[in-house]
Structures are given as C-alpha cells and as structure tokens.
Amino acid sequence: MALPAEEWRLCAAQRWAALDPALRARLAAASLRDTVRLGCGLLRPEAEAASLRRLCRRARTGKEPAAARFYREEGNRLFGRRRYGAALRLYSQAASHEVPGSPEVSVCFANRSAALFHLGCFEVCLEDIARAESHGYPDKLLPKVLLRKAECLLCLGRLQDAANALRVVENKIAMDGIVSSPTHQTLLKKLSQLKIKIHEKENCPEPPREARGDIQRESEIWEENDSISGASSSLSLNFDRERGRHLVASQDILPGQSLLKEEAFVSVLCPGESVLLQDGSETAWDTRVTNADLYCHRCLRQLSASVPCRGCSYAKYCSQSCADVAWEQYHRTECSLGPLLLTLGVFCHVALRTVLLAGFAEVSRLVEWSHSDDKDFCDPEARCKHLGEAPDTRAGTRCIPGCNDDGRYQSSYQAVFNLLPHAEKHSADHKFLCMLSVIAICKQLQEAGLEAAVLNQESPEKWRKQKKCEKTSGELSPELKIVAEAMLRHVLQLQCNAQAITVMQESGSGDGAVVNKKPVRLATAFFPVLSLLNHSCCPNISVSFSGTAVTVRASQPIPSGQEISHCYGPHRCRMRVLERQQLLSQYFFECRCQACLEELESDVKSVVSVRNSFCCPSCQAPMQVGEDRLCCSNEACAISVSRESLSRRLSDLQQQTKKALELLRDGKADQAIKLLLKCQMDAGNFLSPEHLLMGELEDHLAQVYATLGKWQEAARHLEKSIEIVEMHHGPSSVEIGHELFKLAQILFNGFAVSEALSTIQRAEEILSVHCGPQSAQIQELQEMKTCLSDLPRSVLQRI
C-alpha cells in the first residue's frame with residue numbers, strides 16, 4: 001500500500017473540504033516550508049489524531065504472548081501433518097511475538113529447527129539450535145535438540161563435530177540419571193543409531209566425487225564512469241529543458257552490456273499479497289504470510305529462519321547482523337511507530353527512513369539551501385533557463401541539480417533531495433493528505449520522546465526519561481518542522497521517482513518439477529542514478545534486482561548519442577497508446593516516445609488492439625471496434641454484440657481459470673485439466689487466437705500436465721503458449737526467456753535431450769541479456785546442460 005489507508009484518506013478529504021476557502025487557497029499555492037508551517041495546527045487531537053489512533057489499532061505490531069502460543073500450537077499441528085514449510089512460517093511468527101531472551105522464544109527456535117531439518121536446511125537448522133541454546137532452552141529437553149544437531153553435522157559430513165556433539169548428549173543423559181522412562185529410552189536408541197552411522201562413514205568414506213570444473217561464467221563488460229557513480233563509462237549525463245536530466249550513450253552499446261549497478265539509497269519492504277498457510281475458520285490471529293514474513297526487512301534476502309526484532313513483532317531479518325544494523329540506522333526510531341507507518345503507507349515510511357539514513361545535519365543543510373532560492377528551486381522552468389544545455393563534461397555538469405561541486409553525480413542524499421517533487425503539479429487535496437500524514441508522524445516522534453534519536457543527539461532511552469519530566473506542547477519543534485518539510489518533499493517525489501524492487505516469486509506450491517514464477521513487487525526504493533532515466537513505451541534497457549541492488553543492461557543495440565530509456569510501467573506490448581497516455585499522466589508528462597508517436601500519428605492499430613481483440617461468437621471472424629457495440633467483420637454474418645457482454649464473458653472466463661489453478665494447488669489435477677480445457681473451448685468461441693489469455697490457458701495446461709509427469713503433453717501446450725507470447729512481446733523479450741526456461745525444465749525432466757539442449761541455449765542467450773550471466777535462472781540452465789551432457793552414451797541411446 002503506497003498511499004495511506006482508505007479511511008485516513010477519507011478523513012483528510014473531509015478535513016480539507018471543511019477548511020476556510022482562503023486557507024485552502026493559501027495551502028494550494030504554498031511552498032513546502034509554508035505548507036508545513038500552516039499545517040502544523042490542522043491535525044486536531046480530538047478529531048484527525050483520534051481517528052488515526054483508532055485505525056492504528058488494527059495494525060498489531062507489538063509482542064503478544066497469547067499470539068505466540070497460538071502460532072506455536074498451529075505450527076505443531078501442521079508439523080504433525082508433515083507440512084514442514086507451513087509449520088516453519090508459523091514458528092517464525094510465534095518467535096516474533098515472544099519476549100526476547102525468554103525460554104518460550106527458545107522453544108520456538110527449537111521447534112523451527114525440527115522443521116528446517118526435515119526440509120533439508122541443515123546449516124540453518126544448526127543456527128536455530130544455537131539460538132535455542134543461547135535463549136535458555138529448557139535443560140530437560142536439551143538432549144533431543146543436541147541429537148538433532150549431531151544428525152545435522154552428520155548430514156553435512158562434519159563427522160568429528162557430530163561425534164563431539166554425541167559425547168555432549170551422552171554426558172547429559174548420564175548426568176540426568178534417569179534411563180527407564182520411554183523418552184530416555186528413545187534418546188538412547190537414537191544416540192546408538194547415530195554412533196553406528198558415524199562409525200560406518202569413518203570406516204567406509206564415500207568415494208570422492210568426480211572433480212568438475214566450475215561452470216564458466218561470462219565476465220561482464222564493465223568500466224565505471226568517473227562522473228556518475230555506479231554507471232558504465234559508456235554513458236554521459238546530459239541536461240536540457242525538454243528532457244531534464246537524462247543519460248545518453250557516449251559510445252555504441254551491445255545487447256546485454258551492463259550500464260548501471262546501484263545500491264538503493266533507501267528501500268522499504270511492501271507487505272504484498274498474503275498466502276494462507278492453513279485451511280479452516282477465521283481465528284483471532286492471522287495465519288497468512290506476506291512478503292513481510294518471507295523477506296529480510298533490511299537487505300530483502302529471502303528468509304529461511306527469520307531473526308525477529310527485539311521490540312516489535314513486525315520487522316524480521318535474515319541474521320542478527322542485519323537486525324543490529326537496521327536498529328542502529330533507523331529501526332530504533334521506527335520500531336514503536338509500526339502501526340502508524342503501516343496505516344500511512346509505504347511512501348510515508350520511505351520518506352521517514354530517507355531522513356533517518358541521511359542524518360539530520362545533511363537534511364537540515366539541504367532544506368536550508370532550498371530556502372535560499374525558493375522561487376527557482378520549486379520552478380523547474382526557471383531552473384532550466386539558467387542551466388541551459390549543459391555540455392557533456394565534468395565542469396559542465398557542475399550546475400546540474402544533484403551533482404557535487406566537482407560535477408560528480410553520486411547515489412547520495414543530495415541526489416535524492418534534488419529529484420523533482422513537482423509540488424506545483426500535485427492536486428491541492430493530495431498535497432494536503434501528504435502534509436497531514438507527515439505532520440502525524442512528526443508529532444508521534446515528538447510525543448514518544450524520539451526527537452533526539454531523529455536529530456542524532458543522544459540515545460532515545462535517555463531522551464525518553466528526560467521527557468517524562470517535561471510537558472510537550474502540540475506545536476512541532478523547529479527541528480521537527482525541518483524533518484517534516486524534507487519528508488513532505490520525499491513523499492511527493494515518490495509519485496514520479498519511486499522504483500519498485502521486484503523479485504521472481506514462485507506461484508503455487510513450488511514443490512513441482514517445473515517451477516512457475518511471476519514478478520512480484522517486493523519493496524519501494526529511491527535509486528538516485530536510476531531515476532535519471534526517462535520513460536519510453538519501448539525501452540532499450542532491462543532492469544533486474546538482487547536484494548536492494550539494481551542492475552541495468554542494454555536489451556538491444558544502442559548507438560552512440562541515443563538516450564537510455566526505461567519503462568515506467570505501460571509498455572507498448574501490454575497496453576494501447578491511449579491507455580498508456582492516461583496512466584503516464586501520474587508522472588506529469590505527455591509521452592512523446594517513438595512508439596506513442598507512431599500510434600498517435602497513424603491509422604495503424606497497436607499490436608495490443610489487434611492481438612487482444614474479440615472474434616465473432618458465430619463465425620470466429622474478427623470483430624470491428626465500435627463505441628458500445630462490436631460488429632462482425634464478415635459481411636455475410638454481420639452479427640452485432642455489446643462490448644459489455646463480451647467483457648463480462650471474458651471476466652467470467654478469467655474467474656474460471658483462477659478456480660482451475662486453485663484445484664491444482666489442492667492436488668486435484670484431473671479436475672483442473674477438465675476445467676482448463678472447457679475454458680480453452682469457451683475462449684476459442686469469442687477471443688482472437690492470438691489473445692494473451694489463450695496463451696495463459698496453454699501455459700496453465702502445461703503446468704498441470706507437468707505436475708502429472710506427462711512431459712510430452714506439457715511441452716506441446718507450452719510451445720503453443722510461447723508462440724502467442726512471442727507475437728506479443730517479441731522473440732528476444734524477457735517474457736520469452738522466462739517461458740523458454742519453463743520449457744527447458746519440462747524437456748529436461750522428460751529426457752528429451754536434444755530438444756532440451758537447444759531450448760536451454762536459446763533461453764540462455766535471451767536471459768543473459770536481460771538478467772546477466774550470474775542470475776539464478778542462468779545458473780540452473782547451465783546445471784541442466786551439464787547434467788544432460790554428462791549422461792552416458794548408453795542411456796542416451798535408450799531415450
């Protein structure tokens with residue numbers, strides 16, 4: 001949720017409407033500084049602030065022992081049903097609700113270690129066992145956990161460590177002195193079995209595996225730019241009145257060449273869609289998981305066993321190191337504000353974290369600097385006039401906003417601050433909503449005694465003690481007004497400059513032989529250098545992410561002098577030109593890229609219009625576009641159908657497709673096939689053969705047949721899907737790369753060796769351009785190729 005909760009937006013709208021018209025006019029025309037000054041008294045304690053407190057009660061981020069018990073018991077129940085992955089997530093939720101250092105949290109870690117062991121995650125299992133021990137795991141239960149530790153070490157081939165662990169267990173059991181109970185008898189039996197296994201492995205070591213050369217990884221062409229941090233030397237920073245700051249190729253660039261590698265200045269995890277862990281009726285606590293449960297809140301790595309925040313139940317990390325760094329940099333301030341930040345949305349959260357990471361000294365310096373020439377700073381036209389067209393030299397870039405005195409453009413807070421907020425283009429009521437939200441955060445900081453932490457003056461604990469003896473007024477301090485102004489700038493900037501960090505996430509259960517993935521928005525971030533790229537509906541680059549880092553690669557040949565262009569969302573292959581123009585209006589510009597000009601200035605229909613069209617339900621001829629009704633292009637038929645009825649029919653078909661996928665997730669593959677085949681037949685009666693939904697249905701059928709191990713059928717359907725995807729996105733698109741990756745998995749599992757090898761080669765060629773030779777998909781493709789190449793000739797002859 002980028003913007004605040006709907007109820008808060010409604011509350012702010014009502015407050016805006018009730019303001020005196022003269023005050024509304026002043027706020028609409030005010031600078032950011034004056035907007036904050038005028039707005040400080042508009043958040044009434046008995047009205048808006050009280051409403052916000054009520055909304056925050058829904059976002060439960062505190063430690064709740066009762067919730068911890070519930071999650072632990074549900075985890076035990078699913079563990080008993082051998083649903084180890086779901087049990088692991090529930091144990092993590094239980095741990096996040098327990099008080100740090102308590103025996104109860106140690107039980108959560110120990111239980112989670114059992115789930116990790118069954119999932120084959122032995123290294124992470126050992127980490128959880130160590131956590132359980134350090135948090136005071138009950139002494140009487142320790143032998144069982146230590147036996148698990150020994151078994152993990154044995155599985156990892158660490159025989160001496162495993163033997164040492166068994167000696168510790170043996171001594172522990174001997175010290176207890178009770179050997180007659182069933183539990184102790186079970187432990188002794190397990191101890192004996194592990195001793196035998198260690199002895200066998202010591203005396204009969206496994207034959208050394210055949211040495212295999214490391215997979216050759218292509219080295220990426222890279223020479224860093226001396227004027228733009230993280231950028232290739234093949235780029236230059238230009239500025240003109242029409243395009244503002246932008247990057248241009250200073251030499252010919254080849255497809256797949258890396259152009260930019262940048263770490264996000266700031267990123268905030270988006271909760272995302274929730275996934276249900278178990279069936280059953282509603283409970284007092286939510287058993288669903290979201291991205292907030294699956295990824296580290298600092299580095300965005302996928303979580304196996306999360307380390308919970310010591311103060312709240314919401315923030316989770318991949319390691320104690322990540323948790324400690326986050327706490328020092330920003331989370332010690334954000335921790336108690338969790339419900340408020342979740343209610344006010346990701347943009348407000350990014351704005352606060354940006355200020356915290358920059359530090360008050362730098363924030364104050366740049367805010368004061370912006371006041372020195374408010375008129376020009378807030379008016380991009382005025383700024384362009386005195387900048388002119390800066391030449392492509394370091395001396396010439398000195399005047400470009402965001403550059404240092406030496407003309408270098410760095411991924412720094414100065415660059416973030418100089419991103420245009422377009423304050424004069426945002427609607428007055430939207431600006432008011434953002435202002436009221438920012439003021440609410442700053443007042444909460446002041447009331448909670450966190451002002452000193454924000455201003456980097458002293459520890460928040462000392463400040464809180466001091467604040468108890470003082471009375472605070474409703475007025476913000478001068479320092480927090482500076483913070484509020486900077487935050488308001490950043491919230492407004494984000495509408496045009498926010499970058500979604502995406503990840504390819506498994507859809508479905510993820511336990512099949514063929515992994516189906518889709519791009520998912522993981523976080524919202526500021527990338528100052530990436531923000532230099534202007535939009536095109538047909539861009540010449542591809543963007544990929546690894547944690548909080550972005551890599552930009554050329555997706556096609558780029559001649560020297562051509563601008564480097566990014567796609568902000570509406571691509572010509574996915575959307576008609578008028579829809580693209582409407583969507584791009586949120587960025588306050590009218591797109592004049594080549595793709596838009598071609599469609600706007602000619603009578604040629606866009607590829608989306610032609611391929612995603614309806615066909616006649618009677619004779620299957622294309623339907624001619626009309627306002628409210630569509631007519632068959634076949635004069636002999638001349639059937640007329642309302643657009644609304646066909647759209648409703650398409651919507652029903654999409655719902656049926658979704659139902660079929662749910663059947664597949666529930667293990668009812670035969671029923672899923674029947675429903676998908678029926679959907680395919682219905683779709684053929686009124687959709688163009690090239691419609692994207694026709695391709696999606698073929699893709700889903702391939703997925704179901706792969707689940708059943710019917711590899712030839714799966715490959716046949718996926719090849720049809722690839723034909724349609726290629727028509728829409730082109731033969732070298734990343735979409736085709738992902739489809740070919742799935743086809744390679746199917747052919748590999750079906751031992752169709754020659755077809756698999758040729759598919760792997762084509763998929764590698766495409767994905768290495770878009771994602772780079774180090775990407776996970778490329779590594780998997782190379783492993784498949786190595787495995788097929790190593791098959792004995794006798795096996796290949798029988799296939």
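**Exercise 1. Work out which residues of helix H28 are buried, and what covers them.**

Step 1: In this predicted model, the buried residues of H28 are Leu646, Leu650, Leu653, Thr657, Ala660, Leu661, Leu663 and Leu664.

Step 2: Look at what packs over them. The cover includes two strands, S16 (629-632) and S17 (640-642), along with helices H29 (669-684) and H30 (692-707).

Step 3: Check the length. H28 runs over residues 643-665, and its 23 residues reach 33 Å from first C-alpha to last, close to the 33 Å expected at 1.5 Å a residue.

Step 4: See what comes next. Gly667, just after H28, has a positive phi of about 80°.

**Exercise 2. Compare the end-to-end reach of helix H9 with its expected span, then decide how enclosed H9 is.**

Step 1: H9 covers residues 142-155, which makes 14 residues. At 1.5 Å a residue that should give 20 Å, and the end C-alpha atoms do lie 20 Å apart, so the two agree.

Step 2: Now for burial. Of the 14 residues in H9, 11 are buried, so the rest of the structure largely encloses this helix.

Step 3: Put names to them. Leu142, Pro143, Val145, Leu146, Leu147, Arg148, Ala150, Glu151, Cys152, Leu153 and Leu154 are the buried ones in H9.

Step 4: Just past the end of H9, Gly157 takes a positive phi of about 80°.

**Exercise 3. Do the length check for helix H33 and list its buried residues.**

Step 1: H33 (residues 753-771) has 19 residues and spans 25 Å between its first and last C-alpha, close to the 27 Å expected at 1.5 Å a residue.

Step 2: Buried in H33 are Val753, Ala756, Thr759, Ile760, Ala763, Glu764, Ile766, Leu767, Ser768, Val769, His770 and Cys771.

Step 3: Gly772 follows H33, with a positive phi near 90°.

**Exercise 4. Classify the ring pair Tyr568 and Tyr587, and say which parts of the chain the pair ties together.**

Step 1: Two numbers are needed here. A pair of aromatic rings is described by the distance of the centres and the angle of the planes.

Step 2: The model holds 11 aromatic pairs. For Tyr568 and Tyr587, the ring centres are 5.1 Å apart and the planes are at 65°; planes over 60 degrees apart count as edge-to-face, so that is what this pair is.

Step 3: Place the two rings. Tyr568 is in the loop between strand S14 (565-566) and helix H25 (577-584), while Tyr587 is in the loop between H25 and helix H26 (594-600), so the pair ties together parts 19 residues apart in sequence.

Step 4: Check accessibility. Tyr568 is partly exposed at a relative accessible area of 24%, whereas Tyr587 is buried at 15%.

**Exercise 5. Find which ring lies under the charged end of Arg489, and which cluster that ring belongs to.**

Step 1: The charged end of Arg489 sits over the ring of Phe417, 4.5 Å from the ring centre.

Step 2: Phe417 forms one aromatic cluster with Phe265 and Tyr413.

Step 3: For another case, try Arg310, which lies over the face of Trp327 at 4.1 Å from the ring centre.

**Exercise 6. Trace the largest nonpolar core, then zoom in on Val483.**

Step 1: As background, nonpolar side chains in soluble globular proteins tend to be buried together.

Step 2: The largest nonpolar core has 120 residues, and those touching the most other members are Trp8, Leu259, Tyr413, Ile441, Val483, Met487 and Ile564. Helix H21 (residues 428-447) gives the most to this core, with 11 residues.

Step 3: Leaving out neighbours within four places in sequence, Val483 contacts Val355, Phe360, Cys442, Val454 and Leu455.

Step 4: Another core of 56 residues lies apart from this one, with Leu664, Ile673, Phe686 and Ala744 among its members.

**Exercise 7. Decide whether Arg72 is buried or exposed, and list what it touches.**

Step 1: Arg72 is in helix H5. Its relative accessible area is 16%; buried means under 20%, so Arg72 is buried.

Step 2: Not counting residues up to four places away in sequence, Arg72 touches Tyr91, Ala94, Glu98, Glu104, Val107, Cys108 and Asn111.

Conventions: Residues numbered from 1 in each chain as written. Predicted model: local features only at pLDDT ≥ 70, side-chain atom pairs only at ≥ 80, totals over all residues. Heavy atoms only, no water. Phe/Tyr/Trp six-rings, centres within 6.5 Å; stacked < 30°, edge-to-face > 60°. Helix = DSSP H or I, 4+ residues; strand = E, 2+ residues; numbered from the N terminus. Buried < 20%, exposed > 50% of the residue type's maximum accessible area, 1.4 Å probe, protein only. Lys NZ or Arg CZ within 6 Å of the ring centre and 35° of its normal. Expected span 1.5 Å × (residues − 1). Core = buried A, V, L, I, M, F, W, Y, C linked by side-chain atoms within 4.5 Å. Contact = heavy atoms within 4.5 Å.
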